[in-house]
Amino acid sequence: MNKLYLEIALPVPLRRTFDYLANFQGDPNGLIGCRVQAPFGNQTLIGIIIGVKAQSETPADKMKDVHTIIDDTPLISHLDLQLFSWAANYYHHSLGEVLHASIPQKLRQGERQEHEQRISAWKHTAEGMGLPETALKRSKKQQEIHRYLLQNTQFTRSTAQRLGFSSSVIKALKDKNLIEEILVKDSIEQVQISNSLLNNTPLALNQEQTAAQESVIFHRFGAYLLDGVTGSGKTEVYLQLVARALQAGTQALVLIPEIGLSPQTVGRFKDRFSVEIAELHSSISEAKRAEHWQAAKSGRAKIVIGTRLAALAALNKPGIIIVDEEHDLSYKQHDGFRYSARDICVYRAKQHNIPVVLGSATPSLETLNNSITGRYQHLKLTQRASTATPPHIDSIDIRDQQLAAGLCESAIEEIRHTLQRQQQALVFLNRRGFAPSLFCHHCGWQAKCTGCELPMTFHSHPRHLHCHRCDRQNGVPRACPSCKNQAFSHRGSGTEQIELYLTKQFPNTPVIRIDRDTTSSKKAMQKLLEPAYAGTPCILVGTQMLAKGHHIPGINLAVIADADQGLMSADYRGVEQVGQLVTQVAGRAGRASSTGKVLIQTHQPDHPLMRVLIAEGYNSFAVQLLAERKHSGLPPYGYSALIRSESKRPENALAILQLIHGAIKNTGNKHTITTIGPMAAPIEKIGNRFRFQYQLFCNSRKELHATLKAVLSEVEVKAEARRTRWSVDIDPVTSA
Ligand code: ADP
Ligand code: ZN
Ligand code: ZN
């Protein structure tokens, strides 16, 4: 028995690891990546062993023994430990918390790993094997299984489910002594025969798709931007790239934006491939998530598909990584360990020496810049795959115009014409509820959230007031709390109001509203959209949920009710996001055979960048925006970090930022790092907590990170750091 020091990463905010003593026999290096239970203060925590050493700097009287070592084989591989150490360092976050974020809750809580379990499978008996292919004519189902076994020798329960072999038919064959049950090692159920990989035949790629598909080189690191207009067949290219990875005996990791938004993509992978697919996203139960994570780790699942959290999943042998809609903001984690799933994927591809494909119709400026500088290879799909031609985009100047539910006369006329032509229309507004503010017409009283001190959104069904920042919900007062009059009025419009108005205008046409209030479940959205898919005339009204991923061929008109939200935003990324949104919404229009139309309602019809977007498309728009960013040294030409703090006591929230600010000014880098703040955050208060922020910009990534590292380790142990909630956001995507 040897006494060893274990270096352990614990799920605590401190950016450091902890040494513990343990008794151990055997090869101590086998311990790295295993979970342990260790005492910490007066609690017991589950951490990960990241190193084994003969000496420790921890004083002997402070040294404690670990309680138990949970795993006998590592949960986290060496390569993944390297990944997470890099990520912890890059995002200035505690390694223990990073590791915790990467594993499913059940395993975080100490549940045992499933080992290479043996699972049951079916194969022919000697008698069954001798039977000719044409036998069993009387039962088509039995014959189907018999034929499958002649070709593939065996199938597991999951294969049976996939192929629709029912248990009664299996039992019938067993009773005839034609097949028998055996135990096979689960993780080595190989992809054997290429024709059993696919459920349906791939489409014949067009020239551009072929060129893109063939440009991707396997078994070597390479980052590719698949820049293809909506409907240009990016997904088909992904599918065929994944098939290549599977044929090479490797896995594919596929990232998609928030699941509710693109239910169809997962479906297309499931339809195409007959291999086990592990889904990882938040609408999957904890038990399933743990199961899928382990299927990805063991290599049993050949395809791992999910939202940003899938970027952290353990993989056995990845061969390709695909990030669909790479510009999507949902790839950035917005609390705790604030990683960018896209950037993690690029790092992992480098680690594993494999290709990573970033696809988008509206690439982020970061990715576009990387392809301009040649770091990423730029693959373009300029044509829509089907016969559809790109839609015609126009802006409508709504200055001085009378609006009804936020829509101007000409937009309503266009909707009418579209319906008369038996086509479908879409109205996009990124604001749910009936109206963003409710006030008293007599005295001016306004319904405000007491926690955030900002107007509450008025919802009419069910009738209530809702604060979309802190989620507080109140009833609508019967009379004005201030003057007792009942003269309520509202200002602005939300999706509910547009829905109501259009229902009145077009009583014979279904108006379908898609927003968070109508689609609490994934199924609800699919159900609501059924009439739209059926192709009969209808109007869709929705928030950004509707802007993404849906292929509704009958939509011929898209109206963007308010482009000003982003154009007038104080955040420098506002304009980029409007450009992406307009282009994505435009992608919804005219997907079938006729040309579609997009109308953008705006008070800024002369906005120079919007004019470029309309006249020349997203690419020219993005190139001009890049020039502006370069001029002002903003990302991707500079690097930024945002430190946020919040507290019920504003002075506490401010104190930590001032401490950091002081420490930065004391370093040698005060000339190269530009700072803004400390100052109040754009939303100054949420749910009774006052919010502040401090921004840093630097044209050297290295310098920014070195400075932050030094400063954070200095301040995190101070009393001010413990009195308030604060966080570091590297490469932030929003300043909210
Ligand atoms: P994207 O992902 O770029 O939006 P999709 O891959 O969804 O585009 O393709 C849009 C439509 O075109 C889909 O209906 C798809 O089936 C079809 N499509 C894609 N590639 C081809 C092809 N090579 N031949 C015929 N149809 C195609
Ligand atoms: Zn009043
Ligand atoms: Zn609130």
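**Exercise 1. Packing of α5 and α7**

Task: Determine how helices α5 and α7 are oriented to each other in this predicted model, and which residues form their contact.

Solution.
Step 1. Two packed helices are described by the angle between their axes and the distance between the axes.
Step 2. Helix α5 spans residues 140-152 and helix α7 residues 167-175; their axes lie 10 Å apart, at an angle of about 75 degrees.
Step 3. Angles of 65 to 115 degrees count as roughly perpendicular. Helices α5 and α7 are therefore roughly perpendicular to each other.
Step 4. On the side of α5, the contact involves Lys-141, Gln-142 and Ile-145; on the side of α7, Val-169, Ile-170, Ala-172 and Leu-173.
Step 5. Sorted by character, the residues of this contact comprise five nonpolar, one polar and one charged.

**Exercise 2. Packing of α13 and α20**

Task: Carry out the analysis for helices α13 and α20.

Solution.
Step 1. The axes of α13 (residues 365-372) and α20 (residues 618-632) come within 11 Å and cross at roughly 90 degrees.
Step 2. The two helices, α13 and α20, are therefore roughly perpendicular to each other.
Step 3. Helix α13 contributes Leu-365, Leu-368, Asn-369 and Ile-372 to the contact, while α20 contributes Ala-622, Leu-625, Leu-626 and Arg-629.
Step 4. These residues divide into six nonpolar, one polar and one charged.

**Exercise 3. The six-stranded sheet**

Task: Establish the strand order of the six-stranded sheet, identify its edges, and describe the pairing of β19 with β27.

Solution.
Step 1. Strands of a sheet pair through backbone hydrogen bonds, either parallel or antiparallel.
Step 2. Here the pairing is parallel, and the open sheet has the order β16-β28-β27-β19-β26-β25.
Step 3. The edges are β16 (392-397) and β25 (511-514); each has a single partner strand, so one side of each is left without a neighbour in the sheet.
Step 4. From one strand to the next, the twist averages 20 degrees.
Step 5. Within the sheet, β19 (residues 424-428) and β27 (residues 555-560) run parallel and are joined by five bridges. Val-427 stands opposite Val-559 in β27.

**Exercise 4. The three-stranded sheet**

Task: Describe the sheet that contains β22, and locate the partner of His-466 in β23.

Solution.
Step 1. The three strands form an open sheet in the order β21-β22-β23, with antiparallel pairing.
Step 2. Strands β21 (457-460) and β23 (473-474) are the edge strands, each pairing on one side only.
Step 3. Strand β22 (residues 463-466) pairs with β23 over two bridges, in the antiparallel sense.
Step 4. Opposite His-466 stands Gln-473 in β23.

**Exercise 5. Two zinc sites**

Task: For the zinc ions (ligand 2 and ligand 3), list the donors and assign the geometry.

Solution.
Step 1. The zinc ion (ligand 2) is coordinated at 2.2 to 2.3 Å by the SG atoms of Cys-440, Cys-443, Cys-480 and Cys-483. The spacing of these donor residues in sequence is C-x2-C-x36-C-x2-C.
Step 2. Four donors count as tetrahedral if all angles lie between 85 and 135 degrees. Around ligand 2 the angles are 105 to 115 degrees, which makes the arrangement tetrahedral.
Step 3. The protein donors of the zinc ion (ligand 3) are the SG atoms of Cys-449, Cys-452, Cys-467 and Cys-470, lying 2.2 to 2.3 Å from the ion. Their spacing is C-x2-C-x14-C-x2-C.
Step 4. The four donor atoms around ligand 3 subtend angles of 106 to 113 degrees, so this arrangement is tetrahedral.

**Exercise 6. Backbone features**

Task: Locate the cis peptide bonds at Pro-636 and Pro-678, and the positive phi of Asp-400.

Solution.
Step 1. The bond joining Pro-635 and Pro-636 is cis, with omega about 5 degrees. Pro-636 lies in the loop between α20 and β29 (639-647).
Step 2. The peptide bond from Gly-677 to Pro-678 is also cis, with omega near 0 degrees. Pro-678 is placed in strand β30 (residues 673-686).
Step 3. Asp-400, a residue other than glycine, has a positive phi near 65 degrees. Asp-400 belongs to the loop between β16 and β17 (403-404).

Conventions:
Residues are numbered from 1 along each chain as its sequence is written. Chains are lettered from A and ligands numbered from 1 in the order in which they are written. This is a predicted model: local features need pLDDT of at least 70, side-chain atom pairs count only at pLDDT 80 or more; totals for chains, interfaces and linings use all residues. Side-chain values use heavy atoms; hydrogens and water are left out. Axes are lines fitted to C-alpha atoms, for helices over the stretch in contact, and angles run from 0 to 180 degrees between N-to-C directions. Helices (H or I, at least four residues) and strands (E, at least two) are DSSP runs, numbered from the N terminus. Angles under 35 degrees count as roughly parallel, over 145 as roughly antiparallel, 65 to 115 as roughly perpendicular and the rest as oblique. Contact means heavy atoms within 4.5 Å. Ala, Val, Leu, Ile, Met, Phe, Trp, Tyr, Cys and Pro count as nonpolar, Asp, Glu, Lys and Arg as charged, and the others, Gly among them, as polar. Two strands pair if DSSP finds at least two bridges between them. Donors are N, O and S atoms within 2.8 Å of the metal (3.2 Å for Na, K and Ca); water is not among the atoms, so sites may look incomplete. Four donors count as tetrahedral if all angles lie between 85 and 135 degrees; four count as square planar and six as octahedral if opposite donors are over 155 degrees apart and all others between 65 and 115; anything else is irregular.
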